[in-house]
Amino acid sequence: MLPPIETDALVIGAGPVGLFQVFQLGLQGFHAHVVDTLPAVGGQCLALYPDKPIYDIPGLPVCTGRELAERLLLQTKPFAPTFHLSQEVAEVAQQPDGRWLLQTTVGTRFLTRTVFIAAGVGAFVARSLRLEGIQAFEGQQVHYQAPEPETLAGQRVVINGADETAVQAAVDAANQKRSGLNAPRSVTLLHRKDVFEAPAPLLAELAALRAADALRVTVGQAVGLQTHDSTPGPRLTGLQIATADDEELTLPVDQLLVFLGLAPRLGPLVNWGLAMERKLLPVDPVSCGTELPGIFAVGDINHYPGKRKLILCGFHEATMAAFAAAQWLTPGQAPVRLQYTTTSTQLQQRLGVAPGPRH
């Protein structure tokens, strides 16, 4: 087993508040590692409303969820955070020296002095297709993330969903078919309505591929599976579809890609020994510290009197937590003094906008 990654700060959650937590820790001189269950940085903004406008971010009259995530990620660049994506923190244990040992679902381990839980309303996981017996095919013929292109070669591919991820997967598979490289046998996009939510250029590409007969759209809802007994085990061969006309048809399938959106869940967090109130973590509003030493909670996951679930409030909490953590990480020293990025040479050096050493 590889030794754990040693760090001063581990941030759980790469959404807007988690990213701003990285920035505030960087201003205090601390490098952060970041863990998130999603395959990309951005959290709820990117997962649930990437192209919807947000109007209440200070200094930005309007921006999309995607733009906000991109701007916050750019803001962390001077501090070079290390991201560990597509994994979830599964285990947390305090060590004799006071540090925290954490392990993720893919086996990555961290030994950290402070932990910042910026998990929003929970870790986002793919919504599963609720059909009897489907679990037996998950990971082999049923996928909740786009598989490697060679997995689709010569296969009858069905993509179930209507959002940008589903449309992109259908377009990619259809283009793969047209290129002839690892070409699928057929590509079908399935949804209960012939209406899809994606950026206009992507929808235009989808329409062009449909017109060229590179893929087809089936309108209906999956209600059952068709399987075939074989060695070493049964195989998924068809998807039973209920149409809007109350008819049933069977859609041939070898590889089923399911993109029905994401749903939050607290997951292993409930077993970490933290006090919880209505699935939230009570914190000291001054420090955003939990009852466990060195563990802070910021954003929608925390609770205190007067709490408001707004992104800008999460930014404030990340700032308070960073100051409190800096004091925690330097015991016995004078209180952490307030500095301004407009005048502090030290902060400007850390940001890389003034000459001199960077930390």
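Start with helix α6, residues 311-329, in this predicted model. Select the C-alpha atoms at its two ends: they are 26 Å apart. The helix has 19 residues, and at 1.5 Å a residue these should span 27 Å, so the distance in the model agrees with the expected span.

Keep α6 selected and colour its buried residues. These are Ile311, Cys313, Gly314, Phe315, Glu317, Ala318, Ala321, Ala322, Ala325, Ala326 and Leu329. Two of them lead on to other stops: Glu317 is a contact of Lys307, and Phe315 belongs to an aromatic cluster.

Next, step back to Lys307, in the loop between β21 (302-303) and α6. Is this lysine buried or exposed? Its relative accessible area is 11%; the cut-off for buried is under 20%, so Lys307 counts as buried. Show the side chains of Lys307 and Asn302, which are joined by a polar contact of 2.7 Å. Then display what else surrounds the lysine: leaving aside residues up to four places away in sequence, Lys307 touches Gly299, Asp300, Asn302 and Glu317. Glu317 is thus a link back to the helix, where it is listed among the buried residues.

Now turn to the aromatic rings. A search of the whole structure finds four aromatic pairs. Select Phe116 and Phe296, which form a stacked pair with 5.1 Å from centre to centre and 10° between the planes. Where do the two rings sit in the chain? Phe116 lies in strand β8 (residues 109-117) and Phe296 in strand β20 (residues 295-297), so the pair links distant parts of the chain, 180 residues apart. Both rings belong to buried residues: Phe116 has 0% relative accessibility, and Phe296 has a relative accessible area of 6%.

For the aromatic cluster, select Phe20, Phe23, Phe79 and Phe315 together. Phe315 is the member already coloured as a buried residue of α6.

The last stop is an open sheet of three strands, in the order β14-β15-β16, with antiparallel pairing. Which strands stand at the edges? They are β14 (221-228) and β16 (248-252); each has a single partner strand, so one side of each is left without a neighbour in the sheet. From one strand to the next, the twist averages 30°.

Within this sheet, select β15 (residues 235-242) together with β16: the two run antiparallel and are joined by five bridges. To see a bridge position, pick Gln240, whose bridge partner in β16 is Thr250.

Terms used:
Residues numbered from 1 in each chain as written. Predicted model: local features only at pLDDT ≥ 70, side-chain atom pairs only at ≥ 80, totals over all residues. Heavy atoms only, no water. Helix = DSSP H or I, 4+ residues; strand = E, 2+ residues; numbered from the N terminus. Buried < 20%, exposed > 50% of the residue type's maximum accessible area, 1.4 Å probe, protein only. Polar contact = N/O pair within 3.5 Å; in protein donor to acceptor, adjacent residues only side chain to side chain. Contact = heavy atoms within 4.5 Å. Pairing = 2+ DSSP bridges. Axes fitted to C-alpha atoms, helices over the stretch in contact; angles between N-to-C directions. Phe/Tyr/Trp six-rings, centres within 6.5 Å; stacked < 30°, edge-to-face > 60°. Expected span 1.5 Å × (residues − 1).
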